[in-house]
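The exercises below concern internal cavities and the residues that line them. Work through each task before reading its solution.

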Amino acid sequence: MTTWEVIAVVLAGVFAGGINTVVGSGTLVTFPVLLAVGFPPVVANVSNTLGLVPGSITGAIGYRRELAGQLPRLLRLGVASLVGGVVGAILLLVLPPGAFETIVPILIGLALVLVILQPWLARTLTERQGERHVHGGLALIAGVFASGIYGGYFGAAQGVLLLGLMGILMDESLQRINAVKNVLAAIVNLVAGIVFIFVADVAWDAVALIAVGAIVGGLIGAKIGRKLSPTVLRAVIVLVGLAAIFQLLTR
């Protein structure tokens, strides 16, 4: 890579680390940049997944106050994310290119609908069923597992999917849900990355550059995201999700 390409990859990592912490979809920044500097698609995807792990971890650390008291929830949902991430990573290596990407815009669109309607749907569920399950119940575990599969395979807007599911099925504030989302995304990226290390080609120079940027971006994103009101955060989620759909449909 040239000096300018190195700078571009690092800056993409900063932006991706920040947007992943606040919402998700950072992959839609770093993945195209890696393609633009000459990496093959699968190598770019694998390297991107590994590079974003440190940013996810710093983002989760930035939300540590919102994570207080959520250890039982993290253990339940974390296992689902871990298994899903492994399955998704394996599918990336064995399925034909593009097999999953055909349904990605639909999944993101569904997640956005859930995010927009989350206050109304949450009230409706509470009125009809009483208190919602403190951890989201089996429905959320299944949804987090499915999101983990998608995250291990490609990962763009995985955070939007998680926010939509948890917002509907759990009786919790959006900021605390966002904190859980950061941990689950970190788990998926980490376990998928471990799989890739052993069985896929990894561009370690790209991993290192994205990681440096993502660490900085994760810290910045945590500072910004924690200050946003639920309404503003929901609006940011929708805007990022719509941008993700547009980019996936037009590339």
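A cavity is a set of points on a 1 Å grid over the protein atoms alone where a 1.4 Å probe fits but cannot get out, and lining residues have an atom within 4 Å of a point. Grid points are joined across faces, edges and corners, and a volume is the space filled by probe spheres set on the points. The model is predicted: local features need pLDDT of at least 70, side-chain atom pairs count only at pLDDT 80 or more, and totals for chains, interfaces and linings use all residues. Residues are numbered from 1 along each chain as its sequence is written, and side-chain values use heavy atoms, with hydrogens and water left out.

**Exercise 1.** Describe the largest cavity and its lining.

Solution. Step one: the count is two cavities of 30 Å³ or more. Step two: the volume of the largest is about 130 Å³. Asn20, Gly155, Gln158, Ala185 and Asn189 are the closest to its centre among its 15 lining residues. Step three: helix 3 (41-51), helix 9 (158-169) and helix 10 (174-199) each supply at least two lining residues (helices are DSSP runs of H or I, at least four residues, numbered from the N terminus). Helix 10 gives the most, three residues.

**Exercise 2.** Describe the second largest cavity and its lining.

Solution. Step one: this cavity holds about 40 Å³ of space. Step two: its lining consists of Asn20, Thr21, Gly55, Ser56, Gly59, Asn182 and Ala185. Step three: helix 1 (3-22), helix 4 (53-62) and helix 10 each supply at least two of these, and helix 4 gives the most, with three.

Note on methods: On a 1 Å grid over the protein atoms alone, a cavity is a set of points where a 1.4 Å probe fits but cannot get out, and a pocket is an open set with protein on both sides within 12 Å along at least five of seven lines; lining residues have an atom within 4 Å of a point.
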